[in-house]
Amino acid sequence: ARIMRIFKLAKRSVGLQSIAYTVKTSYKDLGLLFSLVFMGMLVFGSLEYYTENEEEDTGFYSIPQGMWWAMQTLTSVGYGDFPVQTVVGKLIGSLTAVCGVLVMALPIPIVVDNFADYYQEQKKIEAKELKAEAQAIEDEWLAHKHAIAMEGLHDTVKTTDPDSVNQPDFGTSGTSNGEPTFGMDPMDFTG
């Protein structure tokens, strides 16, 4: 149950979300890859078994054992736990390795491209959210700075002019663009 907590990380990790999205959108390509590898395992493993099973000290005792060898060769892992011994077996092994490179080279770039596209899109969204958050903080700071400046101006006017009790308010009400009206009607200035 505790191991399942790792899946909670996917909610916060763009990389893990990208991998999940890639697998979901590339299931046809991944299915093609696995089916090609399986067919290669079946064909080349069977060929290698029928070529090598008569030799002494060979690891090819059954077709599944040959399929295990073919899987290692197709995926370029090549453990080397039972090498081929005959010339024909080595030719089949070379053909298996070349086909493995081709099989892997076909669908993998499509999957990688899907991953890169989604990852870039998520990074753009994340950057946009961070920019909006920073803009909101900056706007709040500017509004606070403006309020402090207006309060300071109002206090300065009160301390320099004893009759300032009857002075108009220096607030920002009255105009559409937020400019102070100084107690005057903006319509007085229109012709």
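Which residues of the largest nonpolar core touch the most other members? In this predicted model, they are Val37, Met41, Phe44, Phe60, Trp69 and Ala70, out of 14 residues in that core. The elements that contribute two or more residues to the core are α2, α3 (63–74) and α4. Helix α2 gives the most, with five residues.

## Overall fold

The chain contains five helices and zero strands. Along the sequence the pattern reads α-α-α-α-α. Of the 191 residues in the chain, 22% are buried. Among contacts with a separation of 6 or more, 56% join residues 24 or more positions apart.

## Helix α2

Helix α2 has 26 residues, which at 1.5 Å a residue should span 38 Å, and its end C-alpha atoms lie 36 Å apart, in agreement with that value. The buried residues of α2 are Asp29, Leu33, Val37, Gly40, Met41, Phe44, Gly45, Ser46, Glu48, Tyr49 and Glu52. An α-helix has 3.6 residues a turn, so residues three or four places apart point the same way. Leu33, Val37, Met41 and Phe44 are among the buried residues of this helix. The buried residues of α2 pack against α3, α4 and α5 (108–160).

Val37 is one of the core residues that touch the most other members. Leaving out residues up to four places away in sequence, Val37 touches Met71, Leu74, Val103 and Met104.

## Helix pairs

How do the axes of α2 and α4 cross? The axes of helix α2 (residues 27–52) and helix α4 (residues 87–105) come within 10 Å and cross at roughly 175°. An angle over 145 degrees counts as roughly antiparallel, which makes α2 roughly antiparallel to α4. On the α2 side, the contact is made by Leu33, Leu36, Val37, Phe44, Leu47, Glu48, Thr51 and Glu52. On the α4 side, the contact is made by Val88, Gly89, Ile92, Gly93, Leu95, Thr96, Cys99, Val103 and Met104. The residues of this contact divide into 11 nonpolar, four polar and two charged.

The axes of α3 and α4 come within 8 Å and cross at roughly 55°. The two helices are therefore oblique to each other. Helix α3 supplies Trp69, Ala70, Thr73 and Leu74 to this contact, and α4 supplies Gly93, Thr96, Ala97, Cys99, Gly100, Val101 and Met104. Seven residues of the contact of α3 with α4 are nonpolar, four are polar and none is charged. Trp69 and Ala70, which take part in this contact, are also among the core residues that touch the most other members.

## Loops

Several loop residues can be described by their location and exposure. The table lists relative accessible areas.

| Residue | Loop | Relative accessible area | State |
|---|---|---|---|
| Asp57 | between α2 and α3 | 74% | exposed |
| Ser76 | between α3 and α4 | 55% | exposed |
| Gly78 | between α3 and α4 | 47% | partly exposed |
| Thr86 | between α3 and α4 | 16% | buried |
| Leu106 | between α4 and α5 | 59% | exposed |

Two of these entries concern backbone geometry. Most residues other than glycine have a negative phi. Asp57 has a phi near 50°, a positive value in a residue other than glycine. Ser76 is not a glycine either, and its phi is positive at about 65°.

Is Thr86 buried or exposed? Thr86 is buried, because its relative accessible area of 16% falls under the 20% cut-off. Not counting neighbours within four places in sequence, Thr86 is in contact with Thr51, Glu52 and Glu55. Thr86 and Glu52 are 34 residues apart in sequence, with their C-alpha atoms 6.9 Å apart in space. Glu52 is itself buried, and Glu52 also takes part in the contact of α2 with α4.

Two further pairs link loop residues to helices or other positions along the chain. Gly78 and Ala97 are 19 residues apart in sequence, and the distance between their C-alpha atoms is 9.4 Å. Ala97 belongs to the α4 side of the contact with α3. Leu106 and Leu32 are separated by 74 residues in sequence and by 9.5 Å in space, C-alpha to C-alpha.

Technical notes:
Residues are numbered from 1 along each chain as its sequence is written. This is a predicted model: local features need pLDDT of at least 70, side-chain atom pairs count only at pLDDT 80 or more; totals for chains, interfaces and linings use all residues. Side-chain values use heavy atoms; hydrogens and water are left out. Axes are lines fitted to C-alpha atoms, for helices over the stretch in contact, and angles run from 0 to 180 degrees between N-to-C directions. Helices (H or I, at least four residues) and strands (E, at least two) are DSSP runs, numbered from the N terminus. Angles under 35 degrees count as roughly parallel, over 145 as roughly antiparallel, 65 to 115 as roughly perpendicular and the rest as oblique. Contact means heavy atoms within 4.5 Å. Ala, Val, Leu, Ile, Met, Phe, Trp, Tyr, Cys and Pro count as nonpolar, Asp, Glu, Lys and Arg as charged, and the others, Gly among them, as polar. A nonpolar core is a set of buried Ala, Val, Leu, Ile, Met, Phe, Trp, Tyr and Cys residues joined through side-chain atoms within 4.5 Å. Buried means under 20% relative accessible area, exposed over 50%, partly exposed in between (1.4 Å probe, protein chains only). The expected span of a helix is 1.5 Å times one less than its number of residues.
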